[in-house]
Amino acid sequence: DQGYGFAGVLRYIWEGDHLPPHIREAMDALEDIEVKQKKFRKKLNKIDVTLNSVDDDDDDENNNDHHIDDQKDVNSPQVKVVDKRHYILSQIPSLAKDLGTLSYNLDAVAAEVDAVQSSGDVNVKRRKKQLSSKLVAMMDKVDGFMKECGVESN
């Protein structure tokens, strides 16, 4: 059992579950959601690494300035943002779909966390709050990536 160590596992085997069934159900549901959250964290990290590698490639090309028309103001922030978005999506066409899917899945998992009944249990409330905070941070990061890449969010 999480947080109770070997002695807690032995006590669980000997005495049984110390939690009432409705609290155990809530804790199990949160544990299942946490597994999903970790899977989505890996996907988000993969996208982050991919975008950073594209940024590095883009910086190399910006040093050469060969991909920007001479008539455009190279120092214009709008030109750089539009070029960057176009460049990212042209290098990784599946990124728009990946970000959209991840955003949708994170929203769905956040709704699952909200649906778990804490029944006044402090541990369930604490765990829900921790999981919700992680999910919100991940959703913020995905939203930032979507904005950076010019991907529409629903």
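**Close-up views of a five-helix chain**

Of the 154 residues of the chain in this predicted model, 31% count as buried.

**View 1. The helical chain as a whole.** The secondary structure consists of five helices and zero strands, and along the sequence these elements follow the pattern α-α-α-α-α. Among the contacts in the chain with a separation of 6 or more, 76% are between residues 24 or more positions apart. The chain has an accessible surface of about 10,300 Å², and carbon and sulfur atoms account for 51% of that area.

**View 2. The largest nonpolar core.** This core contains 32 residues, and L95, L99 and L106 are those with the most contacts inside it. At least two residues of the core come from each of α2 (21–64), α3 (77–91), α4 (95–115) and α5 (122–149), with α2 giving the most, namely 10 residues. In soluble globular proteins, nonpolar side chains tend to be buried together.

**View 3. The surroundings of L95.** When residues up to four places away in sequence are not counted, L95 touches I47, L51, I88, L89 and C149.

**View 4. The two sides of α4.** The 21 residues of α4 should span 30 Å at 1.5 Å a residue, and this agrees with the end C-alpha atoms, which are 30 Å apart. Buried in α4 are L95, L99, L102, S103, L106, V109, A110 and V113; because these residues cover an arc of only 135 degrees around the axis, they lie on the same side of α4. An α-helix has 3.6 residues a turn, so residues three or four places apart point the same way. On the other side of α4, the exposed residues include K97, Y104 and A115.

Key. Residues are numbered from 1 along each chain as its sequence is written. This is a predicted model: local features need pLDDT of at least 70, side-chain atom pairs count only at pLDDT 80 or more; totals for chains, interfaces and linings use all residues. Side-chain values use heavy atoms; hydrogens and water are left out. Helices (H or I, at least four residues) and strands (E, at least two) are DSSP runs, numbered from the N terminus. Buried means under 20% relative accessible area, exposed over 50%, partly exposed in between (1.4 Å probe, protein chains only). Contact means heavy atoms within 4.5 Å. Accessible areas come from the Shrake-Rupley method with a 1.4 Å probe; for residues, only the protein chains shown count as cover. A nonpolar core is a set of buried Ala, Val, Leu, Ile, Met, Phe, Trp, Tyr and Cys residues joined through side-chain atoms within 4.5 Å. The expected span of a helix is 1.5 Å times one less than its number of residues. The arc is that of the directions from the helix axis to the C-beta atoms.
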